[in-house]
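Please look at the empty spaces in this structure, both the enclosed and the open ones. Where do they lie, and which residues line them?

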Amino acid sequence: MQSLAAVDQDFFARFCAEWRQRVDQSLAQHTAYGPDCPDRLREAIRHSLLAPAKRLRPLLVLLSCQACGGDPERALPAACAVEMVHTYSLIHDDLPAMDDDDLRRGRPSCHAQFGEATAILAGDALLAHAFELLATHVVPPELAAVCCGELAQAAGACNLVGGQQDDLLAPWATPDLAHLERIHRRKTGAMICVSVRLGGRIGGATQKQLAALTSYGQKIGLAFQIVDDLLDLEGQTEAMGKRVGKDAKKGKLTFPSLMGVEASRQRAGELAAAAEAVLGSAELDSKGLVQLARFIVKRSM
Ligand code: GRG
């Protein structure tokens, strides 16, 4: 007989395999676009969006919906919407004016392949499309409005964009942990947290469940960034599909540069364990989310 842990791992592996494929198919369908979309723009959008990726944020939407007893099918449009916002942020982050990267998701970054102007427009189109998807595919309309509001807030000036601004302008200005965490709570954490919240809302979460999911999202968001910093130091370009070693080259403030490698690894593990624990308080079917928190700290890509 299989142990309970093996059953949960099996559930998670099957869920990810099935839903990653569903997300990829759905993203491809949504970005076929009609003849008014210029071919070059369509190609640029699909080059970045449909490239091989972990689909972590869509999986968080779908697993959070499932954890609340909802049908993940209903959350698929929201899963695609968060991936569109995430991909827009990667395209813009790779631009020469920002992080200046020529490789993303194992492919030339969008501007390296299509030029800066087209890459900016591809990002712009993806950002707008995300809200169109939520507005037109989430029902009832009141729920769609709430989802639009939450995603806009996570992507806006006080979160994703604000965190990016602080990271670009003065990452070294205040070399302490609180400053670093404040940047990443907004730049990386908010999109992870909103993924969990949208899935919960569409799955019909109670207030208590939504609070537990939010706390889970905040904790794994920070754990994800710590591991991202560790992978930039120790990971492989081939596995990551992006250049590594850039933080050290730029002398950037990171968790390992501030706390050391071992303490960073330990902190990521503690955050994932705390994220798991918080789910137990809210009567959720949390087996998938628990496995995802573990994946975040163990990942090599
Ligand atoms: C341009 C507004 C704007 C924001 C950019 C996304 C971002 C903010 C910066 C990217 C640089 C970076 C290292 C961010 C932190 C972690 C992160 C978001 C990594 C990429 O996400 P993954 O690992 O990538 O989920 P895939 O390709 O699997 O989706």
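The largest cavity holds about 80 Å³ of space, where a cavity is a set of points, on a 1 Å grid over the protein atoms alone, at which a 1.4 Å probe fits but cannot get out. Its volume is the space filled by probe spheres set on the points, with grid points joined across faces, edges and corners. A search of the whole structure finds one cavity of 30 Å³ or more. This is a predicted model, in which local features need pLDDT of at least 70 and side-chain atom pairs count only at pLDDT 80 or more, whereas totals for chains, interfaces and linings use all residues. Residues are numbered from 1 along each chain as its sequence is written, and side-chain values use heavy atoms, with hydrogens and water left out.

Thirteen residues line the largest cavity, and S48, I91, R104, R105 and C110 lie nearest its centre; a lining residue has an atom within 4 Å of a point. At least two lining residues each come from α2 (39–49), α4 (72–94) and β2 (107–108), the helices (H or I, at least four residues) and strands (E, at least two) being DSSP runs numbered from the N terminus. The largest share, four residues, belongs to α4.

The largest pocket contains about 1300 Å³ of space, a pocket being an open set with protein on both sides within 12 Å along at least five of seven lines. It is lined by 50 residues, of which L90, D93, R104, D228 and K242 are the closest to its centre. Helix α4 gives the most to this lining, with seven residues, and the elements that each supply at least two residues include α3 (56–67), α8 (160–169) and α12 (246–250).

In the second largest pocket there is about 380 Å³ of space. Among its 18 lining residues, R185, G189, A190, C193 and Q218 are the closest to the centre. Two or more residues of this lining come from each of α7 (141–155), α9 and α10, and α9 gives the most, with eight residues.

The table divides the linings by class, with Ala, Val, Leu, Ile, Met, Phe, Trp, Tyr, Cys and Pro counted as nonpolar, Asp, Glu, Lys and Arg as charged, and the others, Gly among them, as polar.

| Lining | Nonpolar | Polar | Charged |
|---|---|---|---|
| Largest cavity | five residues | four residues | four residues |
| Largest pocket | 18 residues | eleven residues | 21 residues |
| Second largest pocket | six residues | seven residues | five residues |
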